[in-house]
Every structure is written in structure tokens, then in C-alpha cells.
Amino acid sequence: MQRFSLVLFTALHSPGTGWVSAGFDPVNRMQGANYILAAVTPGGLVIEDHFGTGTTSHRRDGREDILRAAGTASGGQTVVEFAVPLDSNDPEDKLLIPGRTYTVLLAYHRSSTSFTALHTARGSVEMKLEE
Ligand code: HEM
């Protein structure tokens with residue numbers, strides 16, 4: 001049976017030209033979060049699905065669950081938009097349920113588009129998914 005799938009549309013805007021990322025629903029610091037990392041490079045948008053493997057580490061998921069994405073960098077700023085399923089059914093992603101509130105980690109690098117370069121700024125916000 002085909003399941004009805006809800007989608008989360010996200011836009012990230014940074015005051016830099018390096019990578020940008022959101023990490024949904026961490027368990028402990030960076031651990032357990034479902035990360036989407038993106039960078040606008042000279043060759044175009046690079047976007048990857050990652051999972052928080054440790055308190056300060058993450059690695060690429062075995063399966064990509066990004067439905068759509070676009071990004072631009074101009075005037076020293078970056079904007080990336082992407083869509084992911086609320087329930088991708090991938091154990092390396094996080095189930096997001098409408099009506100609940102989640103912690104979302106946010107980070108970016110001022111200038112490097114390499115996903116192994118440590119963030120130059122990071123923080124977290126609470127996001128309520130309206131029903
Ligand atoms: C690019 C590879 C990454 C590396 C090597 C890395 C490494 C680290 C390290 C060493 C720390 C502890 C030092 C510090 O507090 O700054 C840390 C903390 C943190 N990182 Fe990352 N990180 C990476 C990517 C990300 C991404 C993509 C996000 C979010 C989207 C993120 C969010 C955070 C947050 C929120 C903290 C603070 C955690 C806390 O103390 O509660 N990191 N990271």
C-alpha cells in the first residue's frame with residue numbers, strides 16, 4: 001500500500017560562502033541528529049544526507065533522502081532550499097511528527113565548501129511542526 005508522505009521544506013541562509021547545514025532532532029550534542037549538509041560550489045550545489053554518529057561527529061547516510069534542492073551564493077551570502085520527507089523510513093533519518101517540537105542544530109562555514117571543515121558558527125533552535 002502506498003503511504004501518504006508529508007514533506008518538510010527548509011531554507012537555510014548564511015552570511016558566508018561555505019557549507020550550511022541543519023541537523024534535526026539530536027539526542028546528545030551532535031549525536032543522533034539527521035543532518036542535511038549543502039554547499040554552493042563553482043560546479044553547482046552539493047547536498048548530502050548525514051547522521052550524527054557521535055557527540056561531535058557525523059557521517060554520510062547509506063541512503064540519500066533529499067527530494068528536491070536548490071541553492072545560490074551571492075554577495076557573500078548563501079541560500080539553500082531543500083525538501084525532505086517527514087518520514088523517510090530510513091533508520092539513519094529522524095521521524096518528524098506534526099504537532100511536536102524538535103531541536104534543530106544549525107551550522108555553517110564562513111568560506112569552506114568542504115564538509116569536513118569544522119563549522120565557523122553553530123547553534124540550535126526549537127522548531128514546532130504545526131499540524
Ligand atoms: C563538518 C563537520 C563537523 C565537525 C568536524 C564538527 C565538530 C564539532 C566539534 C569538535 C564540536 C565541539 C566543539 C564546539 O563546540 O565547537 C562540535 C559541536 C557542535 N556542532 Fe559540530 N561538527 C561538524 C558539523 C556540524 C553540523 C553540520 C552541525 C549542525 C547542523 C553541527 C552542530 C554542532 C553543534 C550545535 C555543536 C555544539 C554541541 C553542544 O555542545 O551541545 N556540527 N562540532
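**Close-up 1. F24 and V104, face to face across β2 and β8.** In this predicted model, F24 sits opposite V104 of β8. The two strands behind this view, β2 and β8, run antiparallel to one another and are held in register over 5 bridges. Follow V104 to the other neighbour of its strand and you find V125 of β9 standing opposite. That second pairing, β8 with β9, is antiparallel as well and covers 8 bridges.

**Close-up 2. The open sheet, strand by strand.** Step back a little and 6 strands come into view, lined up as β5-β4-β3-β2-β8-β9 in an open sheet with antiparallel pairing. β5 (57–60) and β9 are the edge strands: each has a single partner, so one side of each has no neighbour in the sheet. From one strand to the next, the twist averages 30°. As a reminder, strands in a sheet pair through backbone hydrogen bonds, whether parallel or antiparallel.

**Close-up 3. The β4–β5 end of the sheet.** Here strand β4 (residues 44–54) meets β5, and the two pair in the antiparallel sense over 4 bridges. A handy landmark is F51, which stands opposite R59 in β5.

**Close-up 4. The largest nonpolar core.** This core counts 21 residues, and W19, I36, A38 and F82 are the ones touching the most other members. Strands β2, β3, β4, β7 (77–85) and β8 each chip in at least two residues. The top contributor is β3, which gives 6 residues to this core.

**Close-up 5. Zooming in on A38.** A38 is one of the residues that touch the most other members of the largest nonpolar core. Ignoring neighbours within four places in sequence, A38 is in contact with W19, V20 and S21, then with L45, V46 and I47, and also with A69, G71, V80 and F82. Two of these partners, W19 and F82, are named alongside A38 among the best-connected core members.

**Close-up 6. What surrounds the ligand.** There are 17 residues around the ligand, and S21, G23, T56, L105 and A107 come nearest. Sorted by class, this shell holds 9 nonpolar, 6 polar and 2 charged residues. Strands that each supply at least two residues of the shell are β2 (20–24), β3 (34–41), β8 (101–108) and β9 (121–128). S21 links this view to the previous one: S21 is among the residues that come nearest to the ligand, and S21 is also in contact with A38.

Technical notes: Residues are numbered from 1 along each chain as its sequence is written. This is a predicted model: local features need pLDDT of at least 70, side-chain atom pairs count only at pLDDT 80 or more; totals for chains, interfaces and linings use all residues. A residue is near a molecule or strand if its C-beta atom, placed from the backbone, lies within 6 Å of it. Ala, Val, Leu, Ile, Met, Phe, Trp, Tyr, Cys and Pro count as nonpolar, Asp, Glu, Lys and Arg as charged, and the others, Gly among them, as polar. Two strands pair if DSSP finds at least two bridges between them. Axes are lines fitted to C-alpha atoms, for helices over the stretch in contact, and angles run from 0 to 180 degrees between N-to-C directions. A nonpolar core is a set of buried Ala, Val, Leu, Ile, Met, Phe, Trp, Tyr and Cys residues joined through C-beta atoms within 7 Å. A residue is buried if 20 or more other C-beta atoms lie within 10 Å of its own, exposed if 12 or fewer, and partly exposed in between; C-beta atoms are placed from the backbone. Two residues are in contact if their C-beta atoms, placed from the backbone, lie within 7 Å.
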